[in-house]
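Visitor: I am new here and would like a tour. Could you show me the structure and explain the words people use for it?

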Amino acid sequence: MNKIILTLTAVMILSFAACAQNKGEKSMLTENKPLVVYFSATGTTAKAARTIAEVTGGTLYEIVPQQVYTPDDLDWNDRKSRSSVEMNNPQARPALKDMKLDIAAYDVIFIGYPIWWNQAPRIINSFIESHDLKGKTLVPFATSGGSGITGSVKDLKRAYPDLKWQDGKLLNGASRNTVQNWVNNMFPYIPKKLAMN
Ligand SMILES: Cc1cc2nc3c(=O)[nH]c(=O)nc-3n(C[C@H](O)[C@H](O)[C@H](O)COP(=O)(O)O)c2cc1C
């Protein structure tokens, strides 16, 4: 008898805990759809961003440089190429093309970029510093030729310690399923809401 009472109590405690956790996720996210912001010089990160927007129902927003990057600009073998010069200068802030974005409407913002020299391209700093991201949940994602995302996220956390960063994920060749599972684990509430639509 005692065993049964103990088991029932344990089950009740676990259910309450699960409930409280779900409530926490919900209040953290509110009811708003996420924003999926990305910079992509050659289209790979753009594809990952589209998949995230698809599975979350989020709004896509491309970070567009005022001056687009030419293939020469992207030549990492040339120390004088634009990307090399920018990445060698932590203070570089490439200008953004002026585009409308109502950032206040979003609580969760995915931020995507290609890994450049193991870091986020400086235009990501331009974007972060041009918008009020305080209090928002920021979820980095990236594509690369093989490098991980960890170094770039560490740099972003160090540069903007007051912002609320998640660890993020490298999405090289990620299938829709992989993205869906990642989002599900992070924010169980988003896909549930979409499933009801
Ligand atoms: C200037 C530059 C630097 C790069 N540095 C790295 C790097 O450090 N590690 C890596 O794995 N890939 C590196 N790459 C490859 C890109 O991260 C990769 O091709 C990425 O998927 C491109 O994304 P995009 O098509 O969205 O621009 C670099 C590419 C460029 C243009």
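Visitor: What covers the buried residues of α4?

Guide: Keep in mind that this is a predicted model. The cover over the buried residues of α4 includes β1 (35-38), α3 (82-87), β3 (108-114) and α5 (150-159).

Visitor: Which residues of helix α4 are called buried, and what makes them so?

Guide: In helix α4 (residues 122-130) they are R122, I123, I124, N125 and F127. They are called buried because a residue earns that word when 20 or more other C-beta atoms lie within 10 Å of its own.

Visitor: Why is α2 called oblique to α6?

Guide: Helix α2 packs against helix α6 (residues 176-186) at an angle of about 60 degrees, and their axes are 9 Å apart. Angles under 35 degrees count as roughly parallel, over 145 as roughly antiparallel and 65 to 115 as roughly perpendicular, so about 60 degrees leaves α2 oblique to α6. The crossing of α2 past α6 is right-handed.

Visitor: Which residues of α2 and α6 meet there?

Guide: From α2 come T51, I52, V55 and T56, and they meet R176, V179, Q180 and V183 of α6. Sorted by class, this contact holds 4 nonpolar, 3 polar and 1 charged residues.

Visitor: What surrounds the ligand?

Guide: There are 20 residues around the ligand, and the closest are S40, T44, T45, P114 and G145. Helix α2 (residues 44-56) gives the most to this shell, with 3 residues.

Visitor: How do the shell residues divide by class?

Guide: The shell around the ligand has 8 nonpolar residues, 12 polar ones and no charged ones.

Technical notes:
Residues are numbered from 1 along each chain as its sequence is written. This is a predicted model: local features need pLDDT of at least 70, side-chain atom pairs count only at pLDDT 80 or more; totals for chains, interfaces and linings use all residues. A residue is near a molecule or strand if its C-beta atom, placed from the backbone, lies within 6 Å of it. Helices (H or I, at least four residues) and strands (E, at least two) are DSSP runs, numbered from the N terminus. Ala, Val, Leu, Ile, Met, Phe, Trp, Tyr, Cys and Pro count as nonpolar, Asp, Glu, Lys and Arg as charged, and the others, Gly among them, as polar. Axes are lines fitted to C-alpha atoms, for helices over the stretch in contact, and angles run from 0 to 180 degrees between N-to-C directions. A crossing is left-handed if the near helix is turned anticlockwise from the far one by less than a right angle, and right-handed if clockwise. Two residues are in contact if their C-beta atoms, placed from the backbone, lie within 7 Å. A residue is buried if 20 or more other C-beta atoms lie within 10 Å of its own, exposed if 12 or fewer, and partly exposed in between; C-beta atoms are placed from the backbone.
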